[in-house]
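Me: Please take a close look at the aromatic side chains that group together in this model, and describe how they are arranged. I would like the cut-offs stated along the way.

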Amino acid sequence: MDLKQMQYFLCLAQERNVTRAARRLNIVQPALSMQIAKLEKSFGKRLFFRTPQGVSLTPAGEEFERLVAPIVKDVDRAREEMARLDGKIRGRVSIGMINSVAQSALPVSALRIATSYPDVELSVCEGYSETMLEWVLSGQLDLAIVNARLRGGAPIVSHILDEDMMMAHAPSAHPDVARLASLTAVRKSELVIPSRRHGLRRILDDAAAHAGFSLSPRLEIDSLPAICEVVASTAMATVLPGIALRQALEAGSIRARRLRPALTRSIAWISNPRRVVSTAMQAVMGIISEELRASADAASRLGR
């Protein structure tokens, strides 16, 4: 088994199609199939199920992917760091983001990264904090931005910010709703908030439990832009961090107040403790963190 075979295996595992994988690797299909067959013969195990629709990993293939993905990443990272000696920042950086972060900072951040570091290839996915943690620890992601209250294994590499949760409502809301932004007001309001799968919901549930009650939302929606649209067009209210509300606040479709007493959420970068944080990763972290802080500041000024 050599590095080339591991790279071919991982590419096919990601593409799940021999034609696409061969095209991405810039080789002919028979050459890719031959290398995979050699791997399977050396282990005496099938790594892929073959079907007319493509390929999928067998249990042995899933275990092999878990084992070799970090090895290939380490080799790639070594190449990147050697290139840095010539003054260049290059490499592939794969990151995960919780939804409330991605919608706020990703468009501007991606443009800045592409402009400032043209030799850095960026891959971004969205998901829940627990999913991001699992993918970081398994080596599928280099870094992830998660709610900092997350438990379970990956240490915080860099704290990004703490931001206030806000109670948001339509501009036409009753004055009493608009004036009050407390847990008591939250308890009495018709709410549209994320489901219990969502990290933000857990923050709200913990605060409500501490205050002695349970949340009973009218609607549960995990898409934060959709929540803002519902709030803008109904009498329902929501409680979300400023970053998640910023676009709707700027558009004037909703209004928001910080909860009193304050309820905050923290977000942070996490990485695999066994992986080195490369120069390219540090550059990406710096730009995205700056954009998130700027977005949070802007939302804070728009809230009351």
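Reply: Phe-9, Phe-43, Phe-48 and Phe-64 form one aromatic cluster, where rings of Phe, Tyr and Trp (the six-membered ring of Trp) are paired if their centres lie within 6.5 Å, with planes under 30 degrees apart counted as stacked, over 60 as edge-to-face and the rest as tilted. The model is a predicted one, in which local features need pLDDT of at least 70 and side-chain atom pairs count only at pLDDT 80 or more, while totals for chains, interfaces and linings use all residues. Residues are numbered from 1 along each chain as its sequence is written, and side-chain values use heavy atoms, with hydrogens and water left out.

By the pairing rule the count comes to three aromatic pairs. In one of them, Phe-9 and Phe-64 meet edge-to-face, at 4.7 Å centre to centre and with 70° between the planes. Phe-9 lies in helix H1 (residues 3–15) and Phe-64 in helix H4 (residues 59–84), so this pair ties together parts that are 55 residues apart in sequence; helices here are DSSP runs of H or I with at least four residues, numbered from the N terminus.

Phe-64 also forms an edge-to-face pair with Phe-43, at 5.0 Å centre to centre and 65° between the planes. That pair links distant parts of the chain, with Phe-43 in helix H3 (residues 29–43) and Phe-64 in helix H4, 21 residues apart.

As for burial (buried means under 20% relative accessible area, exposed over 50%, partly exposed in between, with a 1.4 Å probe and protein chains only), both Phe-9 and Phe-64 are buried. Phe-64 has a relative accessible area of 7%, whereas Phe-43 is partly exposed at 35%.

How values were computed: Helix = DSSP H or I, 4+ residues; strand = E, 2+ residues; numbered from the N terminus.
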